[in-house]
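Me: I'd like a close look at one part of this protein, a single buried-or-exposed position and whatever surrounds it. Could you walk me through it and then place it in the wider fold?

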Amino acid sequence: MTEIVDICRKANEHFEAGRFEEALKGYNLVLEDHPDQAPIHMNIGATLRGLGKLEEALAAFDKCLELDPKDAQAAYQRINLLNFQHRFADAITSAQKALELNDSELNLHLELVLAAINEHNVEILEAEIKVLEPKKDELDERGTKLYSLALFEVANQLSSDPSQRDRALELYNATIAIAPSASMYFNKAVCCMAMEKFDEAEASLKSCLALGEDNSQANFLLAHLYMQKEKYAEAHECYQKVKDPDHTALFNHAIALVKLGKHGKALTQAHKALDKKPGFADAEKLIKSIEYTTDAKPEDDEAPELPKSAPAPAPAPAPAPKPKPKPKPKAKPKPKPKPAPAPAPAPAPAPAPAPQTTATNEVVAHGDADYPVYPYEQLKARAINVQNWSVLEKYLSDEEFEKVFKMDKATFEALPLWRRKNAKKAVGLF
């Protein structure tokens, strides 16, 4: 017996030092005379995982649990490995079976939460939240993070149901209180906007931007909110911070500039919207309206405006090596008085991150059929709520789809189902 204890101690030392081959030799040596020792099979499983032999590791954990079904550590190791392999459905089944025998084991509950988050299983998550809520002070950093993500996932799912949005908002507030992040504030804002709680939505978007200024989608949504509140100067400022805006953002920016009386800059944005989407009828109408009712010409949004009555300044001596100034345009005769500008058309609604009802006379930016367009990084991080999680690729714009998948949508749809699944897994959209 003393010899066996010494071998186990030495094998454990090798394991702790990362010398997995030597540890495995020791455990196998003990197993030759004691094949029914469940803890040795568990140790072999952990060692095989360290060697990257994952299927053999699972078999060792299974043998341990066959000998001792109540071994919570072996159950945890097995479920953790299944999650590591992204076999989340198997992990859920294994965790539920283990919890029937070890319901008080927090680690098993947390592994079940991790699998359920990745499977978007709200029913399991709701049940696990009830289990973990009274024990949240006992959780370590990883456990607290998983509990927070469980709250966030359930909130995201419930927010698409108008009857569940009060509960969703409650969960968003709970998860923000634990571990605030830009995506949590953003999704809370989307929920608030759907509930017409615009002040709370504005505060949440500002908190989102405070955690990460480089957030185009938050700036876009905040700009849309300011348009609804007729705060056009604030909307203009937010639209300027949207990187690579789509035709909807460009058109709405043009509307804000019209409301501010900056018709030349509005023309520039409207033309950019047309460049993004040729034949965009609302942009064409806006351009015609501005050109008919004003003398405005397209103007760089970054160029400073000069007072209308002031004479053009004489060109300053250009210090080398600055580029030469553009020649001053010839003076035009004073135009005849024209009617006041016609009211600008209503701004196009922002493509909302959460599914929302859209009036039939509104313009919405779309990707595939009825799938709103969202940025790849937001979809990959599951930072927004969509109606159909199984086809995340359909929410990409045509341009971003080709950039991500290295093929167009028609080519992708022609692939066999197994190849499409593998392609989606490779880019994190499965």
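Reply: First, the cut-off we need: a residue is called buried when its relative accessible area is under 20%, and exposed when that area is over 50%. This is a predicted model, so side-chain atom pairs count only at pLDDT 80 or more.

Let's start with leucine 169, which sits in helix H10, residues 165-178. Is leucine 169 buried or exposed? Its relative accessibility is 6%, and because the limit is under 20%, leucine 169 counts as buried.

Now for the company leucine 169 keeps. Leaving aside residues up to four places away in sequence, leucine 169 touches Lys188, Cys191, Cys192, Met195, Lys197 and Glu200. Take Lys188 as one of these: lysine 188 is 19 residues from leucine 169 in sequence, yet the two C-alpha atoms are 6.6 Å apart in space.

Two of those partners, Cys191 and Cys192, are cysteines, which raises the matter of a disulfide. Here you need another cut-off: the two sulfur atoms would have to be within 2.5 Å. For cysteine 191, the closest cysteine sulfur belongs to cysteine 192 and is 5.8 Å away, so the pair is too far apart for a bond. Applied to the protein, this rule gives zero disulfides. Cysteine 191 is itself buried, at 2% relative accessibility. Elsewhere in the chain, cysteine 208 is buried too, with a relative accessible area of 0%.

To place this in the wider fold, the protein has 21 helices and zero strands. Of its 430 residues, 44% are buried. Among contacts between residues at least 6 apart in sequence, 52% join residues at least 24 apart.

One helix pair is worth a look as well. Helix H4 (residues 54-67) and helix H5 (residues 72-84) have axes that come within 9 Å and cross at roughly 155°. That angle is why H4 counts as roughly antiparallel to H5, and the crossing is left-handed. On the H4 side, the contact involves Leu54, Ala57, Leu58, Phe61, Asp62, Cys64 and Leu65. Across from them, H5 brings Ala74, Ala75, Gln77, Arg78, Leu81, Leu82 and Phe84. By class, the residues of this contact divide into 11 nonpolar, one polar and two charged.

Key: Residues numbered from 1 in each chain as written. Predicted model: local features only at pLDDT ≥ 70, side-chain atom pairs only at ≥ 80, totals over all residues. Heavy atoms only, no water. Buried < 20%, exposed > 50% of the residue type's maximum accessible area, 1.4 Å probe, protein only. Axes fitted to C-alpha atoms, helices over the stretch in contact; angles between N-to-C directions. Helix = DSSP H or I, 4+ residues; strand = E, 2+ residues; numbered from the N terminus. Parallel < 35°, antiparallel > 145°, perpendicular 65-115°, else oblique. Left-handed = near helix turned anticlockwise from the far one by under 90°. Contact = heavy atoms within 4.5 Å. Nonpolar A, V, L, I, M, F, W, Y, C, P; charged D, E, K, R; others polar.
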